[in-house]
Amino acid sequence: MKPVIKQNEELLRFHCPGCDAQHAIQHGAEDDPNWSWNGSLEKPTFSPSVLVTYTGADAGRDGAPPAVCHSFVTDGRIQFLGDCTHALAGQTVDLPEWIEWSPNSKS
């Protein structure tokens, strides 16, 4: 398996180990936002950074902002920036292989 899948000609998906969720980027489209991509599904590089805000287990409480995942993906590695609210903030790790979810899967 590869760490990135092409959902269609313009949308790429990868599993984020910091959020334990999938993130998607759009490339090659005329509509914004639009990321550049090196064309590799095995060792992808996206530019600019990927910024995701969401309501999750690590989201703030009592009116605090939602959770943040902010990263650079370069040569198949994901560098989590310091403004991430999850446990991998400030770390760089390999992108995990994409595993399709099915009703029989354990994760």
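How many bridges join strand β7 to β8, and which way do the two run? There are 4 of them, and the strands run antiparallel. Keep in mind that this is a predicted model. Here's a quick tour, starting with the chain as a whole and then going strand by strand.

**The chain overall**
- The protein chain has 9 strands and 0 helices, so to speak an all-β string when you read the elements from the N terminus: β-β-β-β-β-β-β-β-β.
- Of the 107 residues in the protein chain, 34% are buried.
- If you take contacts between residues at least 6 apart in sequence, 34% of them join residues at least 24 apart.
- The accessible surface of the protein chain is about 6,700 Å², and carbon and sulfur atoms account for 50% of that.

**The sheet of β1, β2 and β3**
- These strands make an open sheet of 3 strands, in the order β1-β2-β3, with antiparallel pairing.
- The edges belong to β1 (4-6) and β3 (21-26); each has a single partner strand, so one side of each has no neighbour in the sheet.
- Going from one strand to the next, the twist averages 25°.
- Strand β2 covers residues 11-16, and 3 bridges tie β1 to β2 in an antiparallel arrangement.
- For a residue pair to click on, try Lys6, whose bridge partner in β2 is Leu12.

**The β7-β8 hairpin**
- Strand β7 spans residues 67-74 and pairs with β8 through the 4 bridges mentioned at the top.
- Across that pairing, Ser71 sits opposite Phe80 in β8.
- The hairpin has 2 residues between its strands, and Asp75 takes a positive phi near 50° there.

**β8 and its two faces**
- In a regular strand, side chains alternate between the two faces of the sheet.
- Strand β8 (residues 77-80) shows that alternation: Ile78 and Phe80 point to one face and are buried.
- Arg77 and Gln79 point to the other face and are not buried.
- Phe80 is thus a handy residue to look at twice, as a buried side chain and as the residue opposite Ser71.

**β8 meets β9**
- Besides β7, strand β8 pairs with β9 (residues 92-94), in the antiparallel sense and over 3 bridges.
- On this side, Ile78 stands opposite Val93 in β9.
- Ile78 is also one of the buried residues of β8.

Terms used. Residues are numbered from 1 along each chain as its sequence is written. This is a predicted model: local features need pLDDT of at least 70, side-chain atom pairs count only at pLDDT 80 or more; totals for chains, interfaces and linings use all residues. Side-chain values use heavy atoms; hydrogens and water are left out. Buried means under 20% relative accessible area, exposed over 50%, partly exposed in between (1.4 Å probe, protein chains only). Contact means heavy atoms within 4.5 Å. Accessible areas come from the Shrake-Rupley method with a 1.4 Å probe; for residues, only the protein chains shown count as cover. Two strands pair if DSSP finds at least two bridges between them. Axes are lines fitted to C-alpha atoms, for helices over the stretch in contact, and angles run from 0 to 180 degrees between N-to-C directions.
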